[in-house]
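Student: I'm new to this one. Could you walk me through the structure, one question at a time?

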Amino acid sequence: MEKTDKEANAPDLLLLEQIAGGDREAFKVLYQRYVRQVFSFIFKLTGDSKMTEEITNDVMFEVWKGANSFQGKSAVLTWIFGIAHNKTMNEYRKRSPEPVDPEVFARVANPGDSAEEIVEKKDMSARMKSALDELSPDHRAVLELTFYQGLSYQEVAEIMDCPVNTVKTRMFYAKEKLKETLLKYGITQEDLTT
Amino acid sequence: MSDGKLSHEDINLLLPWYLNGTLESRESTEVENHLADCASCAGEISNLRFIKSVIAESNERLNEMLSVPAEDMERSLMDRIDAFEGPRETKTAPFRANELDSLWSKIMGFFEGLTALTSIPAGAIALLVLQFALIVGLAAKLYFEKPEGYEVLSGITQTDGKGPIIFVSFRSTATEKEIRETLGRIGGRIVDGPKEGGLYIVDLPDQPKPGTTVDTVIEELKARPDVIKDVFKGSD
C-alpha cells in the first residue's frame, strides 16, 4: 500500500516541479487530479457548498503560488490537504458556514427509486449527516482523513499540523462521539448493509 | 511496555490505522498479535468497521449529491492565476540564462568587429549603445503612452499604470457565463479574490470608453442585481 502511494506520487512531484516553473498545463493536470478530493474534504468540514467553492479556489491558488516552496518531505496530496485544512479552519473561525439544506439529500435517490425508497434514502442520509454534524470540525477531519482518504496517522498529523499523539486522542474522542450520535439518530450496522 | 511491546491502550489507539492498512509492519504485527488475545480490542475493530462504513456511505451519498462545478471553478482559478502572473510576465519571461548568454555573445561578436577599427574595448561600446537604446526607449514610451484615466471624483486606487479597481461580489446563483458577460461589458478583469465577504478585485481598463467613469461602471453593474451582489470603489 505504501509503495502504491509512493508510485502515485512520483508524477505529482514532477508536475509540481513543472508548476514551480510556471507551467499552467501541468497545473491543470494536478488540478483535475485532486480538485474533487479537495472539494469533498472541505465540504465535509464546512457543509457549505459556496464556502467550499471559495476555499477550494484559494487552496489551488496557493498550490500554484507555493509549488516552488514544496520541500518534498511529504506526499503532494498530504501537502495540499494541509493547505485545505488550514484554510478551512481559518475560514471557519471567521464566519459560520451556511449548512446545506437537508432537502437536497432527496437528490441522492435514483430516478428509478420508488416513493418509499426515496423517503427512506432521504431519511437515512439526513440522519447520517445530523450524526456527523454533531462532531467538531477537527473530529470530522480526523475521521475523514483516516477512513475515507486512507492516510496514516503521521500524514494526518502533518495535515492537521499537530503531534501524532494529538491525532490519536482526537480519533479516540471522535469515534466515541460518533458512536454516541449514531445511536442517538438510530443508525445501526443493519442500516448500512440493507 | 517494559519489554518494548505496546500496551493495550497504545494498541487501542492504533486500531483505526490498523484497519486502514497504513501502520508500519512492526506496529501492524504487534496489533495482530494483541488482537488474537484481546476480546475488547477485537470488539473495537468491529465498531471501527461500522464507523468506517458510515463515513464511506455518507461520502458516497454526498458525492452523488454534490456536483463539483469543476469547469467553472477551473476557469475562475485560471483567471485568477492570469491576473496574478500577468504583471510579472514581462519580468519573468522565459528567457533562460543560456539564451541571454547567446544573445550577449552575438552582440559582443558584432562590437568586437567594430573595435578592430578603434582602441575602445568591445564591452564598453556595447554597454554604451545599450544604455543609449534604453534611454531612447523610455523617452519614447513616456511620450507616446499618454496615461488616460477615468474622470475620478474621489481618489481611486491606481497602481503600476493599471486601471482603477473596484470591489465586486457576485450572487451565488450567478453563472460563470453571466459573470464573464457582465464583466466583459465593462472591460473588467478579476485580479484577486475572493476576499472576506466574497469580494473580488476587478481591474478596469486604463483607457475607458469616452464618457465612462468609475461611477457609470458601478451603475452599469448595479443594473444587474441578478449577477452582482455588491459593488464599490477601490478607495472607499
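Student: How many helices and strands does the secondary structure of chain A come to?
Tutor: This is a predicted model, where local features need pLDDT of at least 70, side-chain atom pairs count only at pLDDT 80 or more, and totals for chains, interfaces and linings use all residues. Residues are numbered from 1 along each chain as its sequence is written, with chains lettered from A and ligands numbered from 1 in the order in which they are written. Helices (H or I, at least four residues) and strands (E, at least two) are DSSP runs, numbered from the N terminus. From the N terminus on, chain A reads α-α-α-α-α-α-α-α-α, so to speak: nine helices and zero strands.

Student: What percentage of the residues of chain A count as buried?
Tutor: A residue is buried if 20 or more other C-beta atoms lie within 10 Å of its own, exposed if 12 or fewer, and partly exposed in between, with C-beta atoms placed from the backbone. Chain A has 194 residues, and the buried portion is 38%.

Student: Where do the buried residues of α8(A) lie when seen down its axis?
Tutor: The buried ones are A:V167, A:R170, A:M171, A:A174, A:K175, A:L178 and A:L182. On the other side of α8(A), you'll find A:N165, A:E176, A:E180, A:L183 and A:K184 exposed. The arc is taken from the directions from the helix axis to the C-beta atoms. The buried residues fall within an arc of 135°, so they line one face of the helix.

Student: Which residue takes a positive phi just after α8(A)?
Tutor: Look just past the end of the helix, which covers residues 164–184. The phi there is about 65°, and the residue is A:G186.

Student: Which helix of chain B gives the largest share of the side that touches chain A?
Tutor: Two residues are in contact if their C-beta atoms, placed from the backbone, lie within 7 Å. The contact takes 36 residues from chain B and 43 residues from chain A. On the chain B side, α1 (8–19), α3 and α4 (70–89) each supply at least two residues. The largest share, 17 residues, comes from α3(B).

Student: How far does α3(B) reach from its first C-alpha to its last?
Tutor: This helix spans residues 39–65, which makes 27 residues. The expected span of a helix is 1.5 Å times one less than its number of residues. For α3(B) that expectation is 39 Å, and the reach is close to it, at 39 Å.

Student: Which strands stand at the edges of the sheet in chain B?
Tutor: Two strands pair if DSSP finds at least two bridges between them. Four strands form an open sheet in the order β2-β3-β1-β4, with antiparallel pairing. Each edge strand has a single partner, so one side of each is left without a neighbour in the sheet; they are β2 (189–192) and β4 (228–233).

Student: How many bridges join β1(B) to β4(B)?
Tutor: The two strands run antiparallel. One place to look is B:S169, which stands opposite B:D230 in β4(B). The number of bridges joining β1(B) to β4(B) is five.

Student: What angle does the direction of α8(B) make with that of β4(B)?
Tutor: Axes are lines fitted to C-alpha atoms, for helices over the stretch in contact, and angles run from 0 to 180 degrees between N-to-C directions. Helix α8 (residues 214–222) of chain B packs on the sheet, touching β1 (165–170) and β4. Its direction and that of β4(B) make about 170°.
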